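Colleague: Please take me closely through one part of this model, the surroundings of the ligand, and begin with whatever I ought to bear in mind about confidence before I look there.

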Amino acid sequence: MSTEETLKLLASSPKIDPPQTYRAHSYCASADAYLAKYRASIEDPASFWTEIADELVWQHRGDTVISGEMPDFAFFPGSTLNVSENCVDRYAKDPLYRNKVALFFEGENGERRSLTYGQLHREVSKFANVLKSLGLEKGDVVSVYMQNLLETYVVLLACLRIGVLYNTVFAGFSPEALRERIVSSGARVVVCANGSYRRGKTLRLKETVDAALEGPHRVEHVVVYRRIPGLDTPMTPYRDLDYDELMASVDSTCPPAPLDCNDPGLLIFTSGTSGKPKGIVHAGGGFLLGTYAYTKYQLDLRPEDVYWNTADIGWLTSHIFVLVGGLALGTTTILYEGAIDYPQRGRLYEVMERYQVNKLFSAPTAFRMMMKYGLDLARDYDLRSVQLLVSVGEPLNPEAWQWMRKAFGNGQVVINNTWGQTETGGTPLASLPGATPMKPGSCGVPFFGHRLEVVDAEGTPVPDGTPGYLVIRNVFPSLARGIFGDRDRYLQSYFTQVPGAYFTGDSAVRDADGQFWVLGRVDDVINVSGHRISTMEMESALITHPAVVEAAVVGQPDEVKGAVPVAFITLDQGYVAAMAAGSDAGGSDGSDGGAGAGAGAVRVRAVEERLVAELKQKVVDDIGSFARPERIHFVDAMPKTRSGKIIRRMLREILRDGEVRGDVTGLEDSDILEQLVLDITGSPAAAPSSTTEG
Ligand code: PRX
């Protein structure tokens, strides 16, 4: 949606109250209750965070609640607690919960398993002992390259148990991208699955790890969980170890280590404005405090819920709302491996019906995909149990919102479009499902203890209804504590743009009811199906191809995925000519028989087609298949400023409108525009097109 469209929507959006049935049993049950508690939490955040802390298990609790200010702040400094104790032990030790299922696993191949809190406790303790037996200590890093599996949760909770920093890497990342993350985190151990099922295919994850470990690194061991027992899995002697064998050799008792609430707990890489991904560091205890509070109030999550969050463990969403937030609230969660529309389009519904899921958390892209499959498909299943649908990661458009109301829960479902970032370790904006009215398209209201503002370039708040930069004025426990090994980048990325505030990198507008509408990124990050990709990271991948002189990538709106990356390339004509001549040498009859220029153009076109395939593959190899450019346009020249910066806005406008509508005065050479439009749109029709779709 464009800013203009959002502003129109904002002015006309209906306000829909949560259904009475839902309200009756929610933690915050009215708009007035929300407002009163919100105001109190802003005036006295320490009291709010103490209230949350009182619901957790501490090993030692001192008097100080908040010390310092951003960027140097701490919550409960000197107080100690353990995340895994809060997520596992407290329930495993309680006779009422011990035999309650914590995690149900559904493999894409139909396999089903589960772990109760009691079983989870045993497995986590054992794997913590495995890590210790490998010589890992507090502060060491373990990289985890696994899909959603019970064992993935065991591994991560085991790390949290002994203060080892885990770093999950999405199992769709290429060897190059995985290598970058393993090496820059200084990981001593990698834990991976040997393979994973996705759309019926077998992905050989262990082989990706092997490829990633070619070249220097600090990894001493690779622990391999054999998810696919019959899969031929190459093992390097001494370095590679079998998960099951290690688990069979250790004791099942491991006390949770006392860890300072601000000690680093997890590390997760995300895309930033420059080419290199940022390793976001979250404090373990801080993350627990924050995620517990978000999950409790925004999902209204309770032990009796059957909850399914379809997020992959490679993204922070599942750490916030399942691994830590979900388990700390004693819920039962479904973990699903693979595609939610495989082997048949209704797989999502089938699983929901079987477990009688009442709370579903998924990405807007997934909801839009199900919308495309139609209401009839949804009606084939019993989805009446659904009370709450939650999404995060990208805008949830009103059409999808309306459709979701029809498809799930008898039209009574509450929809919560939450806004958050890897850096915020949670969702500072969301509805409170039993309290605040829903407005399709809005991201709801600020969470307790979070002061969000929309400001101009000077940091002055703008009036309601006016777009500006979204900032957060005060500290909260799950705000990132650093970028791994790069303090300067942490300060530069978040704390220099608006003095005294955390800069989100998003633009937003607040409406007269105090609800926030997020408009999109103001930097070079795009969201493709909720996967955050840096266009600069993609450009860095493209530019290293020998045929490429310049590369620019922009996001183009897409009905299902939200946005898709589109690349613009200027080619080294010498390289193209050489390739075309090369293909000539191998030509069928060795002569162009007077067809001359025509045959030459055909050859150039064939070279371009080959380059499109190679360039797309280059991005897949360097980043992963989810970043594959949707289209590649070869252009004669890029639109640039006088100082030589590519004006990506113009590329976006040509894609959207077929012309540049905005200001062109900043352009160094406006003569290029006509050709540029021709190169990109292929029209006027008479002109030869150099646009190659793929
Ligand atoms: O641009 C915003 C968009 O996603 C970005 C954060 O991406 P990531 O770090 O991958 O988030 C993980 C979620 C814990 C934001 O800067 N975004 C997130 N939620 C929304 C959104 N954009 C619009 N509407 C949302 N609800």
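Modeller: I would begin with residues 685-694, where pLDDT stays under 50, although the model has 21 contacts for this stretch beyond four places in sequence. What you have in front of you is a predicted model, and where pLDDT is low, the predicted coordinates should not be read in detail. For the chain as a whole, the mean pLDDT is 92, and 96% of the residues reach 70 or more. Residues 585-594 also have a pLDDT below 50, and for them the model has 2 contacts beyond near neighbours in sequence.

With that in mind, we can turn to the ligand. It has 17 residues around it, and those that come nearest are Asn417, Thr418, Thr422, Arg521 and Arg532. By type, the shell around the ligand is made up of 8 polar, 5 nonpolar and 4 charged residues. Three elements, α12 (316-328), β21 (419-421) and β28 (516-521), each supply at least two residues of this shell, and β21 gives the most, with 3 residues.

The polar contacts add detail to this picture. Thr418, one of the residues that come nearest, has a polar backbone atom 2.8 Å from a nitrogen atom of the ligand. Glu394 also offers its backbone, with an N or O atom 3.4 Å from a nitrogen atom of the ligand. Arg521, which is likewise among the nearest residues, uses its side chain, a polar atom of which lies 2.7 Å from an oxygen atom of the ligand. As for cover, the ligand on its own has 560 Å² of accessible area, and the protein covers 96% of this.

To place the site within the chain, it helps to know that the domain assignment gives domain 1 as residues 117-257 and domain 2 as residues 525-692. The C-alpha centres of these two domains lie 39 Å apart, yet 7 residues of domain 1 are in contact with 9 residues of domain 2.

A few backbone details may also catch your eye as you trace the chain. Most residues other than glycine have a negative phi, and most peptide bonds are trans. Met70 and Pro71 are joined by a cis peptide bond with an omega of about 5°, and Pro71 sits in the loop between β1 (66-69) and β2 (72-75). A cis peptide bond also joins Tyr342 and Pro343, with omega about 0°, and Pro343 belongs to the loop between β17 (332-336) and α13 (347-355). Tyr238, in the loop between β11 (221-225) and β12 (240-242), has a positive phi, near 70°.

Methods: Residues numbered from 1 in each chain as written. Predicted model: local features only at pLDDT ≥ 70, side-chain atom pairs only at ≥ 80, totals over all residues. Heavy atoms only, no water. Near = heavy atom within 4 Å. Polar contact = N/O pair within 3.5 Å; in protein donor to acceptor, adjacent residues only side chain to side chain. Areas by Shrake-Rupley, 256 points an atom, 1.4 Å probe, with all protein chains shown as cover. Helix = DSSP H or I, 4+ residues; strand = E, 2+ residues; numbered from the N terminus. Nonpolar A, V, L, I, M, F, W, Y, C, P; charged D, E, K, R; others polar. pLDDT = per-residue confidence, 0-100. Contact = heavy atoms within 4.5 Å. Domains from an automatic or database assignment.
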